[in-house]
Every structure is written in structure tokens, then in C-alpha cells.
Amino acid sequence: MELRLTVNGVARVLDVRPHATLLGVLRDSLFLTGTKRGCDEGECGACTVLVDGSAVDSCIVAALSVNGSRVDTVEGLAGRYGDLDGLQRGFVQTGAVQCGFCTPGFLMTLTAFMSENPDPNADELRTAIAGNICRCTGYSQIIEAARSAAANTPK
Amino acid sequence: MVTKPDIEATGSSGFVDAENLAEALATLAQLGPKVTILAGGTDVMVQYLRGDVTPSTLLHVRQLMELKGSRVGEVTDMGALTTHWEIVSNPALRRAHPALAEAAATVGGRQTQNAGTVGGNVVNASPAADLLPALLVSGAGVTLKSALATRELTVEEFVVGRRSTQRRPEELVTRFSLQPVGPRTGETYLKIGRRGAMEVAIVGLAMRLAFDEEGVVVDARVAACAVGPRPFRSREAEARLVGSKLEKATVQEAGELLRGTAAPIDDSRATAAYRSRLLAPLLARATSTCLARASVEAD
């Protein structure tokens, strides 16, 4: 069935199965493998992408249910020449990436959250990332990364 | 835009993206039991991916304007597609329905709250559904529509058992009605889980208490989840609280009565005995919160 999406600013028209997940379409049809398949049941947040600006677990989103939407994935964060965005630089500077598997999900969750709340405190950030699991348990550095990105963003 | 030939072509695994209520109801009238209604997908897609439900036609209802929007008035009117995050982040809803907002805030992380809807939580009818106890103490009603008729039930009547409701295959849950908290009234939702977020309740308890000027309880509503096949109100515990000033002995007795109405089971999250032991202390804690929120003096 026909699925139209704007993925990271590029219009896409795809032919998908009725029950295909958004995660499956992103990874297997569009080869955007930055979005990770973790638990496959909406628990771990590794597959988080933005649909019309809202963070969702793409593993449990029926692809056809977001027909016509704007989808943003981790691949869309960096600029055209690969220059990292502020949040990504924050992750690098504070050592918030260990094995890296959870990183794209955290980046997308925090991107959505910090567009609502550009200067969050640590408690607000802990609540914001409740739906993302880092099994290396590097949460402190992730909070620090978001705080440093906020501090370095011109107000 | 999906047309009927597509349903035929894909047999038992179609996808209908309904654009309006009439189209959704026509699809339900035509395909009834073969349809799985898809709103936010946080339960349906997980059940499908685990193989718990067999592939059927997915009827996507997220675009239906008739199921959206909420308005707080003498009675709160809430569309079935209202998401957990909309409940958490809407100041008017939070003021009128603190227990519901607290319950919605405990569901999953932000991703789940963005996608999951109140209608989905109710129709999925999990024994541990967080929104159900809060809806029960709000005296909530539910509107069901089919191509031919509209009917209204209380949420208490609607959820009949574990993952079982009175929804007929041709019906769609469209809206909810809730009684906002009145004057000298406090309510709360308390949840016990192993961790603060992303947790299915071991026990959940909602309470709404209304007091008179002297601090006597004039109306009490107590509902619990994850301690029986469906979330339920304990009329016995409620009756014990009414007329009291929440004296310690009364609260303890109400807790025991709540325990008496519960039928918890052992599962991977907790034992039945542990769940049962939590009920009286949770009820006691809830009475204190309700009292504080109703801002009346206790004895």
C-alpha cells in the first residue's frame, strides 16, 4: 500500500505492507539504520523518532498510521556537511556515548523535549528521558550533555 | 486514501485509514469482528508484534475529528483520542481531574504518552490499566457509536473483565464524560511499581473524597487496579469512609474492606499476597492526600 512521508526533509513515496512498522520502513526500505531496533515493544526508546515533531517509539507505530507526516530521524540532526548539532556536540564533549546503541533514541527524545523547554534543569531532563534506557547506565553524562547543549545555545 | 478494493486485495490484513466518523462506522458495520481498531498503537501494535492477536484489518481512527478535543465544564467532555500527554499537559484538565492526570503521567515515557490514548487504554481493558481507577472515581461515562445507534454506559459497566468490554464489534468508543472535582474535594492516584517510570502497576489506587465544612466525608470513591481481573470500585470501603472524619481506625477498616473486595493474582511482577498487603497502606496514604488537597482540617 502507498505510504507518503517526508523523512528528514525529503519527500518519499513507498509501497509497504498493511501492518509494517515505521521502524521497519526506516531501516529496511530507506536504509536509515541510525534508528535502532531494541526491545521491539515500545519499552526501551532506542527507536525514537519524531513524527510531526513529537517523539514516538517507531517500533510500535504502524507506518501507514503516519501517512503524510513529517518524520525526523537521527540522520537529520547533523548539517549538510556532517557538522554535528548542539546536542550531538554536547554528547561528544561530555562522554555521553558509551556503546552508542541508545544514543540516537536519546538524541531524538531530547531534541523534541528541548524544543519545548530549551533550558531544562536536571530533574526535568530525568523525567523527559524516562522512556529511554541506556544499558551502559551512562545517564549522568546524558543529562550533563543536554545541560551543556542548553548552555551553549544562544538565547 | 484506502478504498474497498484494497481491503479485498489484502484479505485479512488490510489497513483502512478512516478520514471521518461515517467512514469508520461503515467499515465497522461491514467488517465488524475482522477489524482491529488502531489509535495510538501502544497496545495493539505490541500485541500484534508478539503474535498475541492475529493479523486482521487495521482500522486507523487517529484522524477522526469527532474523537478529538476536550472541554471542562459542569461535566468534562473528553474525546477518546485524547492522549496521555494531552491530559498531563492540559492545565484545565489537570485542575479538574488531578487523579487522571497523575495516572496518565505514570504511563510509560513521553513516547508512550504522546501516542497512547484514553480510549485505547479503556478499550484494551488491562487489569492494570492506570487510567481506569481514575475514570471510575470520576464517575466517567463512555459513548459508543455504530452506524445505526449511539449508546452511553458508565465506564464501570463498560469494562466487564480482563481485557473484556461491552463494545460490540460494530461499535466505536467516541467520547468520555467525567465529573470534575467539586469544592472541598480532593483526589489522587497512587501507583506501586518497581521503578518510577515505564512500569506496569503492581497496584494502582485512585480515590476521591468530598468533605463538608466540618471535615466529615460526604462522598467517597475508591478504585483499584492490578488486584483483580478488572479495575473496580470498592463500595464497601467507600461506605466505611462516608460519615467519618478519617479517624485512624476507620481508615484501617476501610483498608481491610478494600482488601476483602480485591482478588489479586501471582504474576511476574508481584505475588498476590504482596499486592493484598499494599492495599490498606495505600488507601491510608490516599486519604491523607485527598484531605490535604480538599484543604479542610482533620480531627
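Me: What distance lies between the C-alpha centres of domain 1 of chain A and domain 2 of chain A?

Reply: The two C-alpha centres lie 21 Å apart. Please keep in mind that this is a predicted model. The domain assignment of chain A gives 2-76 as domain 1 and 86-152 as domain 2.

Me: How do you know which residues make the contact of these two domains?

Reply: A pair of residues is in contact when their C-beta atoms, placed from the backbone, lie within 7 Å. With that cut-off, 14 residues of domain 1 of chain A and twelve residues of domain 2 of chain A take part. On the domain 1 side, strands E3 (48-51) and E4 of chain A each supply at least two residues, and E3(A) gives the most, with three residues. By class, that side has seven nonpolar, six polar and one charged residues.

Me: What makes E2 and E4 of chain A edge strands?

Reply: Each of them pairs on one side only. The order of the open sheet is E2-E1-E5-E3-E4 (chain A), five strands with mixed pairing. From one strand to the next, the twist averages 40°.

Me: How do you know that E3(A) and E4(A) are paired, and in which sense?

Reply: Pairing asks for at least two bridges between the strands. E3(A) and E4(A) have four bridges, in the antiparallel sense, so they count as paired. Along this pairing, A:Val56 of E4(A) stands opposite A:Val49. Helix H3 (residues 103-116) of chain A packs on the sheet, where it touches E3 and E4 of chain A and makes about 35° with the direction of E3(A).

Me: Why is H2(A) called oblique to H5(A)?

Reply: Helix H2 (residues 86-94) and helix H5 (residues 139-152) of chain A pack at about 130°, their axes being 8 Å apart. Roughly perpendicular ends at 115 degrees, and roughly antiparallel needs an angle over 145. The angle of this pair fits neither class, so H2(A) is oblique to H5(A). Their crossing is right-handed.

Me: Which residues bring H2(A) and H5(A) into contact?

Reply: From H2(A) come A:Gly86, A:Leu87, A:Gly90, A:Phe91, A:Gln93 and A:Thr94, while H5(A) adds A:Gln141, A:Glu144, A:Ala145, A:Ala146, A:Ser148, A:Ala149 and A:Asn152. Sorted by class, they give five nonpolar, seven polar and one charged.

Me: Let's turn to chain B. Why are H12(B) and H13(B) oblique to each other?

Reply: The axes of helix H12 (residues 248-261) and helix H13 (residues 272-294) of chain B cross at roughly 140° and come within 8 Å. An angle has to be over 145 degrees to be roughly antiparallel. The value for this pair does not pass that limit and is beyond the perpendicular range of 65 to 115, so H12(B) and H13(B) are oblique. H12(B) passes H13(B) in a right-handed crossing. Their contact divides into seven nonpolar, four polar and two charged residues, with B:Val251 and B:Leu258 of H12(B) and B:Leu279 and B:Leu283 of H13(B) among them.

Me: How do you know that E1(B) pairs with E3(B)?

Reply: E1(B) and strand E3 (residues 57-60) of chain B share three bridges in the parallel sense, and at least two are needed for a pair. In one bridge, the partner of B:Asp17 is B:His60 in E3(B). The open sheet has the order E1-E3-E2 (chain B), with parallel pairing. Its edge strands are E1 (15-17) and E2 (35-38) of chain B. Helix H2 (residues 21-31) of chain B lies across E1, E2 and E3 of chain B, at about 160° to E3(B).

Me: Which element gives the largest share of the side of domain 2 of chain B that touches domain 3 of chain B?

Reply: That is H9(B), with five residues. In this contact, 22 residues of domain 2 of chain B meet 23 residues of domain 3 of chain B. The domain 2 side divides into 14 nonpolar, four polar and four charged residues.

Me: And how many residues of chain A and of chain B are in the contact of the chains?

Reply: Chain A provides 25 residues and chain B 26 residues. On the chain A side, strand E4 (residues 54-57) gives the most, with four residues.

Technical notes:
Residues numbered from 1 in each chain as written. Chains lettered and ligands numbered in written order. Predicted model: local features only at pLDDT ≥ 70, side-chain atom pairs only at ≥ 80, totals over all residues. Domains from an automatic or database assignment. Nonpolar A, V, L, I, M, F, W, Y, C, P; charged D, E, K, R; others polar. Axes fitted to C-alpha atoms, helices over the stretch in contact; angles between N-to-C directions. Parallel < 35°, antiparallel > 145°, perpendicular 65-115°, else oblique. Left-handed = near helix turned anticlockwise from the far one by under 90°.
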